[in-house]
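User: I would like to learn how to read an interface and the enclosed spaces in a structure. Please take me through them in turn.

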Amino acid sequence: MSPDMMVPWFKNLPLWVTFVPLLGVLALLLVPKEKRRVFELGALGITLFDFFLSVPLWFQYDRGSAAVQWVTDLSWIPALGVRFSVGMDGISLVLFLLTTFIGVIAVWCSFTAIEERHKEYYIWLLVMQTTMLGVFICQDMFLFYLFWEIMLVPMYFLIAIWGGPQKLYAAIKLFLYTLSGSVLMLVAILAIYFLQKKVGMEPSFAISRFHEMAPYIAQQAPTYGILLALAFFVGFAIKVPMFPFHTWLPDAHVQAPTAGSVILAGILLKMGTYGFVRFLLPILPDATKALLPWFIALSLIGVVYGALVAMIQKDIKKLVAYSSVSHLGLCMLGIFALNPTGITGGIFQMINHGISTSGLFLIVGIVYERRHVRQIADFGGLSKRMPVYATVFMIMTMSSIGLPGLNGFIGEFAILQGAFQAFPWAAVVATSGIILGAAYMLWMYQRVMFGPLNEVNAKMPDLNARELAYFAPLVVAAFWIGLYPKPFMDILHKPVEKLVQQIDPKFFEAQRLDEAQKAAARTGQAGMAAPGAAAHGGH
Amino acid sequence: MHTHLWLIPFLPFLGFLAMGLLGRRLGRTGVAVIGVGTVVASFALSLIAFAAMKAAPGQRLELVALDWMAVDRLRVPFGLVFDPLSTAMALAVTGIGALIHLYSVGYMNEDEGYPRFFAYLNLFVFFMLILVLGSSLPLIFVGWEGVGLCSYLLIGYYFRTDFAPAAGLKAFLTNRIGDLGMVVGMMVLFAHFGTLTVGELLVKAGGLSPETTFGVLTFATLMLFVGATGKSAQLPLYVWLPDAMAGPTPVSALIHAATMVTAGIFLVCRLAPLFELTPITLTVIAWVGAATALFAATIGLAQRDIKKVLAYSTVSQLGYMVLGLGAGGFAAGFFHVFTHAWFKALLFLGAGSVIHALHHEQDLFKMGGLRAKLPFTFWTMLIGTLAIMGLPPFAGFFSKDEILYLAFLKSPVLWGMGVLGACLTSFYMWRLMALAFWGEPRDAHAFAHAHESPRTMTVPLVVLAAGSAVVGFWGVPEAFGGHFQVGRFLAPSLTYGQTAAEAVHHHGPAVLLALISTGLAIACGWWGFASYRGGLALAEARAARWPGLHRWVAGKYFVDEGIEKVVLGPVRWLGNLLWKLFDVILIDGIGVNLPGALTRVSGDLLALHQTGRVRNYALLMTLGALGLFWVFLR
């Protein structure tokens with residue numbers, strides 16, 4: 001066989017991975033709805049298969065290149081300049097893999113939690129999976145917007161059907177909140193699309209074309225860029241969510257079933273941060289820089305505000321939800337540092353938050369499933385009855401508060417180092433999150449797990465094999481990233497470098513210059529040390 | 001090549017894994033063998049490394065396994081460094097650690113969480129060794145936070161009580177405040193030097209004259225010192241250490257007296273050349289240390305819980321070490337870390353032996369007359385007391401004297417504070433001894449059942465006592481005809497990377513100062529002993545004469561209550577306020593639900609006239625038409 005015959009399959013791997021869940025849905029549609037076990041195991045099998053199918057991408061990815069890889073580019077709506085164009089770079093890749101990874105866990109944790117309408121439930125989960133994966137692979141704005149919006153539909157149903165007592169309020173709030181942001185974003189996308197016509201180009205929705213528009217946007221009136229940036233900002237900030245656009249999140253999390261929370265925290269929120277990295281920064285670098293003080297301020301408010309509010313929550317799930325606001329505030333701070341360390345840290349924080357916060361929602365799900373209550377005051381002293389659970393809970397807590405050796409630290413550390421180089425005082429303020437994060441998490445842990453054991457909880461069973469099985473990969477991932485994050489850093493290296501150059505073409509040149517100057521100052525000083533000291537001795 | 005060196009930290013880690021994963025399946029003996037064995041093996045390896053270091057002074061070995069982090073300029077290797085400072089510290093950690101592990105075999109014998117306890121203890125030793133041996137600040141920080149985690153877990157070891165987990169939380173959070181300083185310090189150093197590897201930092205900083213980066217370095221070192229105040233329980237972050245005594249006594253001895261709490265002093269020594277460049281920081285350090293030494297000693301005077309006395313004593317002794325650092329005597333500070341590890345571990349284990357004998361009675365006022373019942377415990381604790389009060393030639397004398405002498409050179413006021421603290425130390429230690437071992441038994445029942453501890457507990461006591469008696473000779477100061485060998489040994493570490501290391505010559509009335517401080521300490525010790533030997537009568541009379549003063553001192557100056565009122569309460573109040581004001585009222589109320597409600601209300605209002613009755617529509621049409629007529633035909 002000629003090598004050409006082999007290429008397409010490999011080249012299209014991300015596409016396959018994206019649509020395998022949807023193909024699975026087609027198969028599941030044929031099964032009668034009473035066969036609960038088929039849906040459970042079927043969905044698990046599909047997501048597992050999908051995950052293993054996505055693993056080769058990790059090895060195939062060319063780390064030496066910043067280019068978009070596995071490109072598939074087909075004509076779709078030529079009249080509008082829309083193409084079915086997919087592919088990934090390192091930034092997309094890590095989030096793509098996170099999605100296939102979390103997908104398995106989301107399915108697996110639902111087996112006993114979901115007690116009605118199994119067929120629809122697992123089908124929505126799988127549809128959700130395809131739409132989320134789609135967001136990370138698309139290289140066309142139109143396609144991106146399509147996935148981005150469709151994603152809301154399965155999430156809406158997951159909350160509205162299988163959610164808690166106020167599920168409808170939460171689901172509608174989530175939908176309207178995000179939709180209003182998305183519409184603003186659509187306006188911005190169309191504005192840039194039509195700008196292409198104005199500057200005499202054949203208009204296209206290709207993301208690469210949008211990136212190329214950066215200099216043309218810069219030539220327009222400053223207000224133009226700023227308005228576009230604000231539109232993108234609101235669209236993404238709602239999804240992240242950044243203060244003050246975050247109030248949909250606690251409601252959605254509290255009402256959502258465990259798997260819904262896991263997906264929300266694990267992947268959905270990352271769409272917002274991903275949007276910033278992929279669109280706002282490279283397309284509108286100048287406007288971003290102009291608005292940076294505001295963005296930084298909102299990120300910082302998110303860090304501190306989220307933590308303070310998390311501290312006084314009485315519902316465990318709500319507490320974890322507010323902790324997300326705080327963690328993602330830090331993530332945004334890293335991204336807005338606009339230097340490689342900060343942005344890499346921000347992307348790490350996305351992955352880490354996906355792992356540890358998903359883990360924490362699963363943790364809450366365990367006790368909720370057993371007792372159908374979630375108030376901190378309802379528990380206490382569980383450590384004695386549930387030692388394995390206590391251990392996993394402790395690891396996830398530590399991962400969430402950024403204990404070195406676990407994943408959370410790597411992101412936090414890189415973010416703070418990066419942010420300090422850009423905005424020293426912002427970084428110093430953000431470190432307060434280190435204290436507050438430990439405070440609300442450990443205080444909660446203490447009240448739930450330590451102290452005297454309540455009678456009602458005396459019969460709570462520890463984790464069973466299935467539960468342990470879906471926690472294990474999260475724990476392994478937390479340790480892997482904490483102990484040896486370098487493979488991820490290698491994958492992110494080139495794309496982040498390219499991004500920084502898009503934002504500030506002179507960044508690396510300036511950095512080299514600065515270092516040379518410092519080195520020169522040092523050698524100069526060393527040579528001058530003796531006479532300098534003598535001169536000062538005279539004073 | 002140097003595989004055996006890697007084993008030093010990783011053996012205890014393997015022990016932790018084995019005990020953590022297999023747990024009860026190992027059986028008590030299995031746990032004990034693995035727990036003690038790994039640490040002993042690691043001690044033996046440290047001893048070999050230490051011997052090699054002694055044979056070839058000035059050696060510095062950096063082992064690098066792989067890159068831990070690599071983003072842009074931020075490159076952190078996963079590496080260990082073996083130099084005089086780290087090897088000496090590793091030796092102390094594994095040595096004292098091994099003894100305390102052995103002691104725990106007896107002390108925790110009846111505890112059901114045996115494997116959990118040893119797993120945590122081994123994990124602690126691992127992290128402590130990472131802290132000590134780590135070649136870069138982030139790696140040191142891994143150990144730093146790791147020991148904090150173990151401390152948290154072990155303080156809260158009796159997790160079914162209310163107070164132990166609360167004490168653990170307090171320790172962790174107070175330490176986190178310090179960690180903030182450490183993180184900020186790292187950020188400043190990285191932004192300025194572009195590296196966080198200790199060796200590179202020191203070399204880069206060594207090339208600078210103090211003036212060039214004065215501000216940056218002062219800020220960075222001050223921030224690092226904030227980290228040190230957290231871990232080493234200095235004012236104002238000392239509050240967690242006394243509460244940490246809620247943990248099992250071997251933990252108090254190992255973590256909260258001998259090793260972990262000295263991490264702050266170690267950190268400053270590790271970066272000594274940086275601190276050397278920042279005189280302002282050193283002055284701050286000296287005053288904080290002296291103040292802590294004195295302040296904590298006063299609280300120690302009036303505590304009833306035997307472990308609390310020792311805890312405040314630890315805070316106070318840590319203050320001396322910090323004072324030593326601030327006076328520019330990094331070697332002196334470290335030397336006190338070293339001697340203190342011996343005698344404070346001894347005192348804690350002795351206290352544990354008493355507590356064990358009295359079936360977990362910790363109240364000194366219920367003890368008394370135990371001298372004959374617990375001979376090993378009594379004699380070893382006596383040696384510990386002599387060492388901590390600074391009686392020559394016991395260990396504490398040489399190290400404390402060197403610190404006080406350097407303090408005198410910096411400022412006689414610092415010396416005065418130090419000497420006063422030493423007097424108080426001597427007083428409360430002799431008070432403790434008198435209350436526990438002399439006089440009439442004040443709890444007849446407990447006394448009747450008291451028995452000397454098993455061999456696994458008394459052997460470590462004897463070894464530690466022997467150490468407390470002799471380790472001081474490693475650093476006999478020059479004024480007493482010695483060579484302060486510990487200083488010479490450490491010198492390559494403490495001056496690493498500096499271009500011109502100047503020899504410091506001390507001038508001062510060293511012997512006279514030592515005579516004064518020792519004489520005063522002996523007098524105060526006698527005073528304390530005489531006051532309490534006969535029972536509580538004299539003490540109660542004194543408390544009655546100065547009720548206000550006694551209430552303040554015994555109540556630890558009500559610092560904890562103050563923190564609750566001034567910090568914790570307001571933070572919770574603020575959290576509640578923010579949540580109600582922004583989330584509930586402003587954003588959700590006015591921003592989200594109000595438009596939603598308005599939409600619904602306006603829809604409902606408009607729907608009112610959609611009645612479906614033709615006569616209503618006809619009426620409206622007619623009214624509308626009349627209205628139009630009135631407008632146009634008026």
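Analyst: We take the contact between the chains, then the cavities, bearing in mind that this is a predicted model.

User: How much area do chain A and chain B bury between them?

Analyst: Interface size is often given as the accessible area lost when the parts come together. Here chain A and chain B bury about 5,600 Å² between them, with 71% of it on carbon and sulfur atoms. Chain A brings 64 residues to the contact and chain B brings 58.

User: How many salt bridges does the rule find across the interface of chain A and chain B?

Analyst: The rule finds three. Glu515(A) pairs with Arg73(B) in a salt bridge, where the closest N and O atoms are 2.8 Å apart. On the side of chain A that touches chain B, helix 21 (residues 432-449) gives the most, with nine residues. The residues of that side are 39 nonpolar, 17 polar and eight charged.

User: Now the cavities. How many of 30 Å³ or more does the structure hold?

Analyst: Rolling a probe the size of a water molecule over the atoms shows where empty space is left. The structure holds seven such cavities, and the largest has about 120 Å³ of space. Among its 15 lining residues, those closest to the centre are His327(A), Leu330(A), Glu412(A), Gly433(A) and Ile434(A). Helix 21 of chain A supplies the largest share of this lining, four residues.

User: Which element gives the most to the lining of the second largest cavity?

Analyst: Helix 17 of chain B does, with four residues. That cavity holds about 70 Å³, and its lining includes Phe397(B), Lys400(B) and Asp401(B).

Conventions:
Residues are numbered from 1 along each chain as its sequence is written. Chains are lettered from A and ligands numbered from 1 in the order in which they are written. This is a predicted model: local features need pLDDT of at least 70, side-chain atom pairs count only at pLDDT 80 or more; totals for chains, interfaces and linings use all residues. Side-chain values use heavy atoms; hydrogens and water are left out. Contact means heavy atoms within 4.5 Å. Buried area is the accessible area (1.4 Å probe) that two parts lose on being put together, summed over both. A salt bridge is a side-chain nitrogen of Lys or Arg within 4 Å of a carboxyl oxygen of Asp or Glu. Helices (H or I, at least four residues) and strands (E, at least two) are DSSP runs, numbered from the N terminus. Ala, Val, Leu, Ile, Met, Phe, Trp, Tyr, Cys and Pro count as nonpolar, Asp, Glu, Lys and Arg as charged, and the others, Gly among them, as polar. On a 1 Å grid over the protein atoms alone, a cavity is a set of points where a 1.4 Å probe fits but cannot get out, and a pocket is an open set with protein on both sides within 12 Å along at least five of seven lines; lining residues have an atom within 4 Å of a point. Grid points are joined across faces, edges and corners, and a volume is the space filled by probe spheres set on the points.
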